[in-house]
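Work through the exercises below with the sequence and the model side by side. Each task is followed by a solution that proceeds step by step.

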Amino acid sequence: MTATAPASRPGTGPVDLAGPQPVLDVVIPVYNEEADLEPCIRRLHAHLAEHVSYPYRITVADNASTDATLQVAERLAREFPEVAVRHLAEKGRGRALNAVWQASDAAVLAYMDVDLSTDLAALGPLIAPLLSGHSDLAIGSRLARGARVVRGPKREFISRCYNLILRSTLAAKFSDAQCGFKAIRADVARELLPHVVDTGWFFDTELLVLAQRAGLRIHEVPVDWVDDPDSSVHIVRTATEDLKGIARVTKATFTGEIPISRLREQLGRQPIGVDAPGVPPRLVTQLVRFAAIGVSSTLAYLVLFLLLRTVVGAQPANFAALLVTAIGNTALNRRLTFGIRGRAGAGRHQFEGLLVFGLGLALTSGSLALLNGSTTPGLVLELTVLVLANLAATVLRFLLLRGWVFHPRRQAITQKES
């Protein structure tokens, strides 16, 4: 595989696997891991030597260890040409990853914890979408469907609660922020890392949230993961720092300290437009478009009602205003909300739309009849009741249009028949 013409944005072009520099740089951040470091490096090196055909590097990032970790790392570097050592004078996993990744000359940057709790069989699926340009980041997930995890109930509970907090506070869409098994395209990392502030365990989460909001594609790999009972991670302290990080990122987003708009313009993958006939937009998009059309229809309805009310009675004015706006509402929703183009099925759609209109008419007319039967309302009260009845009719209209009139299966049948 060779590199193609430069991509329009970082991360989208395939990686050149034939160059002299390392394609993959796997970083192992360590602090006082003199006992676990050598078995980790030997096992990882053996795996890469067997399964990877392109140049690679293993970088040991020593976070100011006070034991013999640095000496063990340097001895392994002398034994294996593919092993490098980077010593940092200050502690912090995030600080180590940020420093080593920004200085690396590899095209794809990865990291994993020294305990190798994640099965290395997931490394290939983690890296592949980054090499091809399909994705910008890749994460191992212990919470994705298909993952197999062995760990105690306490850590399981804490992990799920943390990811639930991320989804509710930062609107995170990724399933597992803290699994120590991640990779990123170097060209993307160069743009994101200067904006990642955390130097500790929240580094992963901050990077992922920033990537998501910048419109990058995050690939998730379900992993086989076995908890290390001897892990040195202090759960309570880490959780506290993570909560502080969530608050900081939330504030930075609102104040504009993090330039999300610029990063999205520079890095974000553009959404796929819905121009193909028969391909409906997503539910959220449908709701937004339906609501906008509904507001316009309601305003048009009220204007028509007021104009006709001065000429005819309330009931005829209501009928005429609803009929005209219902025809326009159905036509606009057919094209804009549900993505249906062409004339195929248009007559049926309008007929069924009028049936839906009939239900709305019954609702609004019934409200008017009930109001006028119980009191002598003024124009303001009459309009208020009509607006409320119209809102209820609008909700009913959306449900019937989506689940019946413009249902994708019925549209597919119409396309075949035409």
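The exercises concern a predicted model, and they go from a sheet and the helices across it to a group of packed helices.

**Exercise 1.** Determine the strand order of the open sheet and identify which strands stand at its edges.

*Solution.* Begin with the order, which is 3-2-1-4-7-5-8 in an open sheet of seven strands with mixed pairing. Next, look at the two ends of that order: strand 3 (83–88) and strand 8 (218–222) each have a single partner strand, so one side of each is left without a neighbour in the sheet. Finally, follow the twist, which averages 20° from one strand to the next.

**Exercise 2.** Describe how strand 1 and strand 2 are joined, and find the residue of strand 2 that stands opposite Pro29.

*Solution.* Strand 1 comprises residues 24–30 and strand 2 residues 56–63; the two run parallel and are joined by seven bridges. Within this pairing, the residue opposite Pro29 is Ala61.

**Exercise 3.** Establish which strands helix 1 and helix 7 lie across.

*Solution.* Take helix 1 (residues 37–51) to start with: it lies across strand 1, strand 2, strand 3 and strand 4 (108–112), and its direction makes an angle of about 165° with strand 2. Then turn to helix 7 (residues 203–213), which lies across strand 4, strand 5 (137–141), strand 7 (181–185) and strand 8, running at about 130° to strand 5. Strand 4 therefore belongs to both lists, since helix 1 lies across strand 4 and helix 7 does too.

**Exercise 4.** Compare the annotated transmembrane regions with the modelled secondary structure.

*Solution.* According to the unreviewed UniProt entry, the annotation "transmembrane region" covers residues 314–332, 353–373 and 379–400. For residues 314–332, the model gives 100% helix and 0% strand, with the end C-alpha atoms 27 Å apart. For residues 379–400, the chain is likewise 100% helix and 0% strand, and here the end C-alpha atoms lie 31 Å apart.

**Exercise 5.** Characterise the packing of helix 11 against helix 10, helix 12 and helix 13.

*Solution.* Start with helix 10 (residues 283–309), which packs on helix 11 (residues 314–337) at an angle of about 155°, the axes being 8 Å apart. Because the angle is over 145°, helix 10 is roughly antiparallel to helix 11. The crossing is right-handed, and the contact has 15 nonpolar, eight polar and two charged residues.

Continue with helix 12 (residues 346–374), which packs on helix 11 at about 145° with the axes 9 Å apart, again in a right-handed crossing. Among the residues that meet there are Phe319, Leu322 and Ile327 of helix 11 and Leu354, Phe357 and Leu361 of helix 12. By class, this contact has 13 nonpolar, nine polar and one charged residues.

Finish with helix 13 (residues 379–405), where the angle to helix 11 is about 35° and the axes are 13 Å apart; this crossing, too, is right-handed. Ala314, Asn318, Leu322, Asn329 and Asn333 of helix 11 meet Glu382, Leu386, Asn390, Arg397 and Leu401 of helix 13, a contact that divides into four nonpolar, four polar and two charged residues.

Key. Residues numbered from 1 in each chain as written. Predicted model: local features only at pLDDT ≥ 70, side-chain atom pairs only at ≥ 80, totals over all residues. Heavy atoms only, no water. UniProt positions renumbered as here; feature names shortened; annotations may be inferred. Helix = DSSP H or I, 4+ residues; strand = E, 2+ residues; numbered from the N terminus. Axes fitted to C-alpha atoms, helices over the stretch in contact; angles between N-to-C directions. Parallel < 35°, antiparallel > 145°, perpendicular 65-115°, else oblique. Left-handed = near helix turned anticlockwise from the far one by under 90°. Nonpolar A, V, L, I, M, F, W, Y, C, P; charged D, E, K, R; others polar. Pairing = 2+ DSSP bridges. Contact = heavy atoms within 4.5 Å.
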